[in-house]
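Please open the structure in your viewer and keep the sequence panel visible. This tour proceeds by selection: at each stop you are told what to select and what is found there.

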Amino acid sequence: RDVLRRDPHQEFFHSDVRGVLRSIGPVLVEHPEYTDVVGRLCEPERVIVFRIPWVDDSGRVRVNRGFRVQFNSALGPYKGGTRFAPSVDLDVVKFLGFEQVFKNALTGQDIGGGKGGADVDPKALSAGELMRFCQSFATEMAGHAGAAVDVPAGDMGVGSREIGWIYGQYQRLIGYHEPGAFTGKPAVLGGSALRPEATGYGTVYFTRRMLDDQGRDLDGARVVVSGSGSVALHAMAKVIDSGGTVVGCSDSRGSVSEPDGVDVDLLREIKGQGGSVADYAEKRSGATASQGSPFTLECDVALPCATQNEIGPDEARALVDHGCWAVAEGANGPVTPEAREILREGGVGFGPGKAANAGGVAVSALEMQQAAGRERWSAEDVDAQLSTIMSDAYDRVREAADRYHGDPGDLENGANAAGFLRVAEAMTSLGVV
Ligand code: NDP
């Protein structure tokens, strides 16, 4: 009630809070000592909203709004991505920050939760404009980031190039090297091997464990992966590595069906040159472009890896009708609550994003460890750790689903319960702070 009263218009955030509260009821019955944690958990420790002034190529002064929500630091420094997209507002950032608290807890690592971003369309900016924008963003963030305080990373619209620029300005302002203050940096600045791949790979590792429990695997499976950005392209590569066929994909301009399998290298090349999935389809005789959702295509596994609310009731019904085995969220919030209910009733396995896409932040935490120890770990080493972290997260979620919700396959309730338990124990141990 307090959450609704304080910020009545934050629909994404409210919907997420409601979902979590529904899941933790049975946990509170067993652990009544955690009841007073709930109100504190739903209120961010700190919200920073700031002006980002910058000068465009024509010399005009432009202004955007920046955000950093430092949600919960009970388990460690605030940790979470930075999103540059026109749709970014306080509601979206609070929703993502709240999710991040549970996600980070599920990795088993010592990281708190936070999220940030700005309401800018980076694709509409030249490289010079975007660098100046990142520098202006970093000028404000410099007072709030730090290896032991708050460690931002990338997210939609913010890749290693942008993190490099943000870190460059930060380092200049603080006057010394502190590579543990930002993750997702270019390799030459101490970025971890496999960080760009980690979210997509991790989603597929999590999906493989879900399928294992169904007595199935990805070998020979038909998979639809939405999006064709960082998470999606790496998920596609790992699906193919695992013997599956990517039969459909999409971007913000449309989708593509290709029953014989998407050529991920070609798609990456075309997207890297600013092209669309429709441009890709033009180059492939077996591919068909459309304006519809990729999730109405026949598939065994669906991996939404683009953005929020991609799978609504219509797409969920199509997935059920096509006999889809499992849906795992590579993106944050891509499956609406109504759609999740339809999938559940239709017997489709569901891997919630706070567990299924935790691979990115897990490797970011490994990057923090490498920075602290002045070490560089090999891609093989990081991949082995990522695979173990995703597997352990799956076990933690499954066990909590079984114990508190009486169904080991109810991974959504299990993820909320398992994440809550770890954060609540830490918050309780710290006293009322
Ligand atoms: P990118 O910006 O690299 O890619 C996003 C992709 O989604 C692009 O292909 C974009 O299309 C597409 N897209 C954007 N809006 C829409 C839309 N309305 N309909 C269809 N497609 C759309 O972002 P990431 O891959 O980094 O992130 C994707 C998701 O994964 C986000 O929800 C993010 O929060 C989440 N995530 C990312 C992590 C990471 O490590 N990067 C970590 C954990 C979660 P176009 O190519 O046309 O722009």
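Begin by selecting strand β3 (residues 78–84) together with β5; the two run parallel and are joined by 5 bridges. Strands and helices here are DSSP runs (E, at least two residues, for strands; H or I, at least four residues, for helices), numbered from the N terminus. Two strands pair if DSSP finds at least two bridges between them. This is a predicted model, in which local features need pLDDT of at least 70 and side-chain atom pairs count only at pLDDT 80 or more, while totals for chains, interfaces and linings use all residues. Residues are numbered from 1 along each chain as its sequence is written, and side-chain values use heavy atoms, with hydrogens and water left out.

**Stop 1: around β3**

Select T82, whose bridge partner in β5 is G154. Then select G81, which stands opposite A153 in β5. Now add strand β4 (residues 113–118), which runs parallel to β3 and is joined to it by 3 bridges. Here F84 has A118 of β4 as its bridge partner.

Why is β3 largely enclosed by the rest of the structure? It is so because 7 of the 7 residues of β3 are buried, where buried means under 20% relative accessible area, exposed over 50%, and partly exposed in between (1.4 Å probe, protein chains only).

**Stop 2: the sheet of 5 strands**

Extend the selection to the open sheet of 5 strands, with the order β1-β2-β4-β3-β5 and mixed pairing. Its edge strands, β1 and β5 (150–154), each pair on one side only. From one strand to the next, the twist averages 20 degrees. Axes are lines fitted to C-alpha atoms, for helices over the stretch in contact, and angles run from 0 to 180 degrees between N-to-C directions.

Next, select strand β1 (residues 46–55) and strand β2 (residues 61–72), which pair in the antiparallel sense over 10 bridges. P53 stands opposite V63 in β2. The two strands form a hairpin with 5 residues between them, and G59 in the turn has a positive phi of about 90 degrees.

**Stop 3: the sheet of 7 strands**

Move to the open sheet of 7 strands, where the order is β9-β8-β7-β6-β10-β11-β12 and the pairing is mixed. At its edges are β9 (288–290) and β12 (349–351), each of which pairs on one side only. The twist averages 15 degrees from one strand to the next. Within this stop, select strand β7 (residues 245–251) and strand β8 (residues 254–257), which run antiparallel and are joined by 4 bridges. S250 stands opposite S255 in β8.

**Stop 4: helix α7 and T203**

Select helix α7 (residues 195–213), which lies across β10 (301–304), β11 (326–328) and β12 and runs at about 150 degrees to β11. T203 lies in this helix. Is T203 buried or exposed? T203 counts as buried because its relative accessibility is 0%. Leaving aside neighbours within four places in sequence, T203 is in contact (heavy atoms within 4.5 Å) with L303, A328, E329, G330, A356 and N357. Select T199 as well: its backbone oxygen lies 2.8 Å from a polar atom of the T203 side chain.

**Stop 5: two loop residues**

Most residues other than glycine have a negative phi. Select L194, which has a positive phi of about 70 degrees although it is not a glycine. L194 is in the loop between α6 (160–174) and α7, and is buried, with a relative accessible area of 13%. Then select R374, also not a glycine, whose phi is positive and near 50 degrees. R374 lies in the loop between α14 (359–372) and α15 (379–405), and counts as exposed at 79% relative accessibility.

**Stop 6: helix α2**

Finish with L28, which is found in helix α2. Not counting residues up to four places away in sequence, L28 touches Y34, T35, V38 and F420. Add A145 to the selection: the C-alpha atoms of L28 and A145 are separated by 34 Å, and the two residues are 117 residues apart along the chain.

Key
A polar contact is a pair of N or O atoms within 3.5 Å; within protein, one must be able to donate a hydrogen and the other to accept it, and residues adjacent in sequence count only if both atoms are side-chain atoms.
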